[in-house]
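Biologist: Before I interpret this chain, I should like to go through it with you, one point at a time. Please reason each answer through to the value or name requested.

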Amino acid sequence: MKTPLALLLSCAFLLSLHAPGARAATIIHSNDVLGELEPCGCRNNPQGGLARKANWLRKLGDDSLLQLDAGDLLFPTDTVPDLLAEQWKVQARFHLKALQQLKHDAVVPGEKDFALGFLAFEELRKKAKLRFLAANLSRKNGKKAFDGSAVFTRKTREGKPLRIAVLGLVGEALTWPPELRASSAIAAARREVPALRRKADLVVALTHQGFEKDRELAKAVPGIDLIVGGHTQSFLQKPVREGKTWIFQSSFRNQYIGAIPVPFDGKDYQLTSLDAGFDSPAESPNELDRTVLEFKSAVSEINTTKQASLEQGSAPAGGATRIQTFGACGQCHLKQFDFWRKTPHVKALASLIEKQQALNKECLECHSVGLGRPGGFGDVAQPGALAKTGEDESLQPLGPDELAALLKSLQSAENLDSSVKLRATDAIAYPMKEALSLIRKTWAPVQCENCHATGGAHPFGGAYSKNVETAACLKCHTVDKAPEWYTKSGQLDAEKVQAKRAQVSCPAGELAPPDEP
């Protein structure tokens, strides 16, 4: 929830926008959203999300707003893993749809926006009614690839028109698709700004090149009133003035949204944290909440109907890449299994189900083991399997909900001598040790081989590692997904990491004795 001080500041800002005689025209800016439609649920008190942004914008009123984004809008990296290519394309399509619903005005492309390639970007752009601006980004043959600038008219509180010119500029040293060429941003600005000053009352450079490059631009090119930037994900809590130019950048992933009253005189700039205080009431979701749910359904559909050949677990049964999953590990390592079943890692699948993300491959990469890997699994609709008893040796698949229920029963069992039902509909409850022998493949949740590496043919071979290095944890517990593991400067907090590791580090112990003949 928002703190009393944060609420007071937000209310004061809103009142200032609508007070008699106040300047109503306002530039809303974001940068480096990295494809995030809603905040990752792995973070404590997660910030961001387009539905929250919609609720915040609604309070401002949209008649006087100019919404700008400074690039790296659609994807988190500049290349796309094969496993996620289809999903990310759907995600980008829904992101652009959401921005249209928000009445977004202009975007400067970032290098990550071309992660699927230039042709895929063009396909997405043609279907979206958004203006992408880049004056110094052209096609390889020299023809322009984007409009360089646009002039928008907004009104002040007094009703006077205010013409705002927005010039798109990108970093020439960044890696762009082979179909495109980037030239000097400073040279382009020197060419374009004088003409824009004659057309407009205010000139804004919308840039994707980084904070230091923005400072160089402000020094080199007179006539730019504001620079709204991106790429370095700088968290400028206050705008930086370079000569007569103000420079803005607002962190990343829509965690903070900037609002610039214009004309800007250095006062009343507001950075708003999109925290849970901007969530829609459960009984009345807004249009963007519904779009995010539609996106989740679309991702679930493609991930259960399109399975790449890489994802079919092609490793031989005894190969070094064979992933055994906890049912096999637990039969010998009972003491460790008994500890593990009570740790937060066991809830990793349930947390995805709660967020309707149990079929999202991007989430499952960290909430399961072996996704898309040889010897692993690919069908996210069946993240587990049970062995049938009796003479029938075929396997019974487990869907996410069924597997989550099984994991909950394992976790809530009093001790290893307790009996558990493998399915909620089963009439028979099996002793824990026997149940483990029937749990053949349970790829979710986070488990033994996430930490100890692939079991392979263990105990007869394989790449199993007894000692777990912190690096194994950091594959998923990144500064973005687990900020509580890091200091404010982004450095790993060793003391906190050790405390977290202690919560999930299995005890040493002897192997379970073999069954009596």
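The exchange below covers the chain as a whole, its salt bridges, its cysteines and its strand pairing.

Biologist: How many helices and how many strands does the chain have?

Modeller: This is a predicted model, and what I report is computed from it. The chain comprises 517 residues, of which 50% count as buried. Its secondary structure amounts to 16 helices and 19 strands.

Biologist: Of the contacts between residues at least 6 apart in sequence, what percentage joins residues at least 24 apart?

Modeller: The chain exposes about 24400 Å², with carbon and sulfur atoms supplying 53% of that area. As for contacts between residues at least 6 apart in sequence, the share that joins residues at least 24 apart is 67%.

Biologist: Which residue of strand β5 meets E122 in a salt bridge?

Modeller: E122 is buried, at 8% relative accessible area. One salt bridge of E122 is with R125, at 2.9 Å from N to O; because these two residues are three apart in helix α4 (residues 118–127), about one helical turn separates them. A further salt bridge of E122 spans 3.5 Å from N to O, and its partner is R139. This pair links distant parts of the chain, 17 residues apart, with E122 in helix α4 and, in strand β5 (residues 137–139), R139.

Biologist: Is R139 buried or partly exposed?

Modeller: Both E122 and R125 are buried. The relative accessible area of R139 is 29%, which lies between the limits of 20% and 50%. R139 is therefore partly exposed.

Biologist: How many residues apart in sequence are the parts that R423 and E402 tie together?

Modeller: The closest N and O atoms of the R423 and E402 salt bridge are 2.5 Å apart. R423 lies in the loop between β17 (419–420) and β18 (430–431), whereas E402 belongs to helix α12 (residues 400–412), so the parts tied together are separated in sequence by 21 residues.

Biologist: Which of the two, R423 or E402, is buried?

Modeller: E402 has 36% relative accessibility and therefore counts as partly exposed. The relative accessible area of the arginine is 16%, under the 20% limit, so the buried residue is R423.

Biologist: Which residues are joined into one network by salt bridges that share partners?

Modeller: The structure holds 24 salt bridges. Salt bridges that share partners make one network of E36, R43, R253 and D480.

Biologist: Which cysteines form the disulfide?

Modeller: A search of the whole structure finds one disulfide. Its sulfur atoms are 2.2 Å apart, and the link is left-handed, with -100° about the S-S bond. One partner lies in helix α11 (residues 361–367) and the other in the loop between α15 (470–474) and α16 (494–504), so the bond ties together parts 110 residues apart in sequence. The two cysteines are C366 and C476.

Biologist: Why do C329 and C448 not form a bond?

Modeller: C329 is buried, with a relative accessible area of 15%. The closest cysteine sulfur to that of C329 is in C448, and a bond would require the two to be within 2.5 Å. They are too far apart for a bond because the separation is 3.9 Å.

Biologist: In which sense do β6 and β7 pair?

Modeller: Strand β6 (residues 149–155) has a covered face formed by A150, F152 and R154, and an uncovered face formed by S149, V151, T153 and K155. In a regular strand, side chains alternate between the two faces of the sheet. A150 stands opposite V166 in β7. Seven bridges connect β6 with β7 (residues 161–170), and the sense of the pairing is antiparallel.

Biologist: Which residue takes a positive phi in the hairpin of β6 and β7?

Modeller: Five residues lie between the strands of this hairpin. The positive phi is near 90°, and the residue that takes it is G159.

Biologist: Which are the edge strands of the open sheet that contains β15?

Modeller: This sheet has three strands in the order β16-β15-β19, with antiparallel pairing. Each edge strand pairs on one side only; the two are β16 (395–398) and β19 (439–442).

Biologist: At about what angle to β16 does α12 run?

Modeller: Four bridges join β15 (residues 384–387) to β16, and L386 has Q396 in β16 as its bridge partner. Helix α12 lies across β15, β16 and β19, and its angle to β16 is about 95°.

Definitions and conventions. Residues numbered from 1 in each chain as written. Predicted model: local features only at pLDDT ≥ 70, side-chain atom pairs only at ≥ 80, totals over all residues. Heavy atoms only, no water. Buried < 20%, exposed > 50% of the residue type's maximum accessible area, 1.4 Å probe, protein only. Contact = heavy atoms within 4.5 Å. Areas by Shrake-Rupley, 256 points an atom, 1.4 Å probe, with all protein chains shown as cover. Salt bridge = Lys/Arg side-chain N within 4 Å of Asp/Glu carboxyl O. Pairing = 2+ DSSP bridges. Axes fitted to C-alpha atoms, helices over the stretch in contact; angles between N-to-C directions.
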